[in-house]
Amino acid sequence: MDDLTKWPRLLVTGQPVTPEQADEILVRTANPYLLDVNDKEWTATVHAAFRLEPGRYGNATMDSILAVAEELGLLGLPTLYTSRIASSWIGGPHGWCDWDGTIGCANYNIGKWPDRETLLEEWQRIAAEFPYLDLTAQLLADEGTGKVVGQWRVLNGQAAEESPGSPITHPVELDQDDMFARVLLPGGERGVSPQRLETAIERVRQARNPVR
């Protein structure tokens with residue numbers, strides 16, 4: 001078993017990107033299998049924006065997910081995907097990139113027992129697809145309570161694992177107000193406006209399938 005521990009905390013800091021670049025990142029790093037949330041109105045809006053077809057129980061059909069993933073070039077990241085469009089997590093939408101172009105995160109843990117080989121491969125794919133990224137990522141052991149157990153550098157379209165240094169930022173814990181707001185207030189699972197989402201998806205669609 002790798003030494004990255006169970007559910008390590010992801011820390012990321014980096015140079016901001018443009019909102020247009022954020023659109024590309026957040027659409028193409030989304031996990032299409034996690035776009036169905038408790039807010040069924042938002043799920044329907046997201047499905048319509050992506051052109052996903054609802055199945056028998058309201059979840060998107062596998063055929064439509066595969067077609068959209070191919071059309072939009074979704075990266076299919078098992079660990080480092082972003083959840084800025086929709087999320088039923090108690091902390092709401094989250095990810096290492098935000099819609100305003102901010103690069104960074106410190107408040108959520110990633111996959112159960114991740115391994116270094118997979119994480120390096122994912123960062124290399126991210127770096128190659130988004131060569132304008134300039135970021136450093138770390139993992140904190142034991143859900144963020146332990147030491148730095150992994151570090152990666154993304155720059156100029158390349159990604160490499162580095163020797164872990166001091167924490168690049170402090171882990172951020174959710175407080176009760178955050179959790180109550182997510183659960184009790186309308187829109188707690190929504191990470192973006194419908195208009196911005198539609199614009200972002202169409203930007204990616206046009207970039208990958210230009211009109212000839």
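These are my notebook entries on a predicted model, taken one topic at a time.

**Entry 1: the sheet**

I began with the strands. I found an open sheet of 5 strands in the order β2-β1-β3-β4-β5, with antiparallel pairing. The edges belong to β2 (104-105) and β5; each has a single partner strand, so one side of each is left without a neighbour in the sheet. Next I looked up how β2 is held: β1 (residues 9-14) pairs with β2 in the antiparallel sense over 2 bridges. I noted Thr13 standing opposite Gly104 in β2.

Which helix packs on the sheet? I found that helix α4 (residues 116-129) does, touching β1, β3 (134-140), β4 (148-155) and β5. The direction of α4 makes about 150 degrees with that of β5.

**Entry 2: Ala159 at the edge strand**

I stayed with β5 and picked Ala159, which is found in that strand (residues 158-162). Is Ala159 buried or exposed? Its relative accessibility is 11%, so I wrote it down as buried, the cut-off being under 20%. Leaving out residues up to four places away in sequence, I listed its contacts as Leu120, Trp123, Gln124, Ala127, Arg153 and Val154. I also checked Arg125: from C-alpha to C-alpha, Ala159 and Arg125 are 8.4 Å apart in space, with their positions 34 residues apart in sequence.

**Entry 3: Arg84 in its loop**

My next stop was Arg84, in the loop between α3 (62-72) and β2. I had to look twice at this arginine: its relative accessibility is 15%, and therefore it counts as buried. What does its side chain reach? I found the backbone oxygen of Gly95 at 3.0 Å. The backbone oxygen of Cys97 also lies 2.9 Å from a polar atom of the Arg84 side chain. For the surroundings, again without residues up to four places away in sequence, I noted that Arg84 touches Leu26, Pro93, His94, Gly95, Cys97, Asp98, Trp99, Gly191 and Val192.

**Entry 4: an aromatic pair**

I then searched for ring pairs and got 3 aromatic pairs in the structure. One of them is Trp89 with Tyr108, an edge-to-face pair at 6.4 Å centre to centre and 65 degrees between the planes. Trp89 sits in the loop between α3 and β2, and Tyr108 in the loop between β2 and α4, so this pair ties together parts that are 19 residues apart in sequence. I compared the burial of the two partners as well. Trp89 is partly exposed, with a relative accessible area of 27%, whereas Tyr108 is buried at 6%.

**Entry 5: helices against helices**

I turned to α3 again, this time for its packing on helix α7 (residues 194-208). How do the axes of α3 and α7 cross? They come within 8 Å and cross at roughly 65 degrees, which means that α3 is roughly perpendicular to α7. I wrote down the residues that make the contact: Glu70, Glu71 and Leu72 on the α3 side, and Ile201, Val204, Arg205 and Arg208 on the α7 side.

Last, I went through helix α1 (residues 19-28). I marked Ala22, Asp23, Ile25, Leu26, Val27 and Arg28 as buried there. The buried residues of α1 pack against α2 (40-50), α3, α4 and α7. Leu26 rang a bell, and I checked back: it is among the residues that Arg84 touches.

Terms used. Residues are numbered from 1 along each chain as its sequence is written. This is a predicted model: local features need pLDDT of at least 70, side-chain atom pairs count only at pLDDT 80 or more; totals for chains, interfaces and linings use all residues. Side-chain values use heavy atoms; hydrogens and water are left out. Helices (H or I, at least four residues) and strands (E, at least two) are DSSP runs, numbered from the N terminus. Buried means under 20% relative accessible area, exposed over 50%, partly exposed in between (1.4 Å probe, protein chains only). Contact means heavy atoms within 4.5 Å. Two strands pair if DSSP finds at least two bridges between them. Axes are lines fitted to C-alpha atoms, for helices over the stretch in contact, and angles run from 0 to 180 degrees between N-to-C directions. A polar contact is a pair of N or O atoms within 3.5 Å; within protein, one must be able to donate a hydrogen and the other to accept it, and residues adjacent in sequence count only if both atoms are side-chain atoms. Rings of Phe, Tyr and Trp (its six-membered ring) pair if their centres lie within 6.5 Å; planes under 30 degrees apart count as stacked, over 60 as edge-to-face and the rest as tilted. Angles under 35 degrees count as roughly parallel, over 145 as roughly antiparallel, 65 to 115 as roughly perpendicular and the rest as oblique.
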